[in-house]
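The exercises below concern pockets and a bound ligand, and each one is followed by a solution that proceeds in steps. Please work through each task before reading its solution.

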Amino acid sequence: MRDHNCVFCRIVAGEIPCLKIHEDDHILSFLDIGPLAEGHTLVIPKDHVERLEEMAPEHVAAITAHLPRLARAVLEATRAPAYNLLQNNGAESGQVVPHVHFHIIPRFDADGLGYRWNAGKYEEGRAGEVLKNVLAALGA
Ligand code: AMP
């Protein structure tokens with residue numbers, strides 16, 4: 001299924017060019033047009049779906065199965081010692097293109113790409129409540 005207004009669906013359809021890395025029946029991988037680092041790579045499902053939690057597990061598996069090989073290739077090609085795997089869901093998370101995608105972002109020492117990781121602390125008893133709510137939502 002495709003969304004005619006979606007830039008990634010248009011790339012899948014060949015209406016917008018991309019620098020293709022890998023393609024099969026289910027996924028497409030290409031260089032990000034606005035790289036955070038050279039070799040910044042995107043991996044997307046061909047079918048239009050906005051967010052990861054909307055996907056069938058087997059479709060997620062079909063994408064993620066490619067990540068180790070693609071990550072190794074990006075590391076080798078860029079000589080990066082490290083990478084971030086990033087997958088945004090929803091505008092508040094930073095998702096700009098509402099079509100599921102995984103970023104593979106090469107990282108180097110002192111590359112200035114850091115992000116704020118403002119680790120918080122639960123108030124007394126709060127973690128237990130949160131856990132209870134998540135388990136209830138899971139039906140566990
Ligand atoms: P996100 O913020 O997680 O939605 O990331 C969307 C990513 O898609 C950004 O890193 C953009 O640079 C990238 N992007 C948008 N349009 C294109 C395009 N036509 N070709 C390649 N990458 C794109």
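A molecule is said to sit in a pocket if more than half of its atoms lie within 2 Å of the grid points of that pocket. The model examined here is a predicted one.

**Exercise 1.** Determine in which pocket the ligand sits, and describe the lining of that pocket.

*Solution.* Step one is to apply the criterion above, and the outcome is that the ligand sits in the largest pocket. Step two is to give its volume, which for the largest pocket is about 540 Å³. Step three is to look at the lining, where 29 residues are found, and Asp32, Leu36, Leu42, His101 and His103 are the closest to the centre of the pocket. The elements that contribute two or more residues to this lining are helix H1 (7-12) and the strands E2 (27-31), E4 (82-86) and E5 (102-107). Step four is to sort the lining of the largest pocket by residue class, which yields 19 nonpolar, 8 polar and 2 charged residues.

**Exercise 2.** Describe the shell of residues around the ligand, and state which of them place polar atoms at short listed distances from a ligand oxygen.

*Solution.* Step one is to define the shell: the ligand is surrounded by 15 residues, of which Asp32, Gly94, Val96, His101 and His103 are the closest. At least two residues of this shell come from H1, and at least two from E2. By class, the shell around the ligand divides into 8 nonpolar, 6 polar and 1 charged. Step two is to consider the polar contacts, for which Asp32 has a polar side-chain atom 2.5 Å from an oxygen atom of the ligand, while His103 has a polar side-chain atom 2.8 Å from an oxygen atom of the ligand. In the case of Gly34, a backbone N or O atom lies 3.4 Å from an oxygen atom of the ligand. Step three is to assess burial: on its own the ligand has 500 Å² of accessible area, and the protein covers 82% of it.

**Exercise 3.** Describe the second largest pocket by its volume, its lining and the helix that gives the most to that lining.

*Solution.* Step one is the volume, which for the second largest pocket is about 190 Å³. Step two is the lining, made up of 13 residues, with His26, Pro45, Asp47, Met55 and His59 lying nearest the centre. Step three is to assign the contribution by element, and here helix H2 (residues 57-64) gives the most, with 3 residues. Step four is the division by class, in which the lining of the second largest pocket comprises 7 nonpolar, 2 polar and 4 charged residues.

Conventions:
Residues numbered from 1 in each chain as written. Predicted model: local features only at pLDDT ≥ 70, side-chain atom pairs only at ≥ 80, totals over all residues. Heavy atoms only, no water. 1 Å grid on protein atoms, 1.4 Å probe; cavity = no way out; pocket = protein on both sides within 12 Å on 5 of 7 lines; lining within 4 Å. Points joined across faces, edges and corners; volume = space filled by probe spheres on them. Helix = DSSP H or I, 4+ residues; strand = E, 2+ residues; numbered from the N terminus. Nonpolar A, V, L, I, M, F, W, Y, C, P; charged D, E, K, R; others polar. Near = heavy atom within 4 Å. Polar contact = N/O pair within 3.5 Å; in protein donor to acceptor, adjacent residues only side chain to side chain. Areas by Shrake-Rupley, 256 points an atom, 1.4 Å probe, with all protein chains shown as cover.
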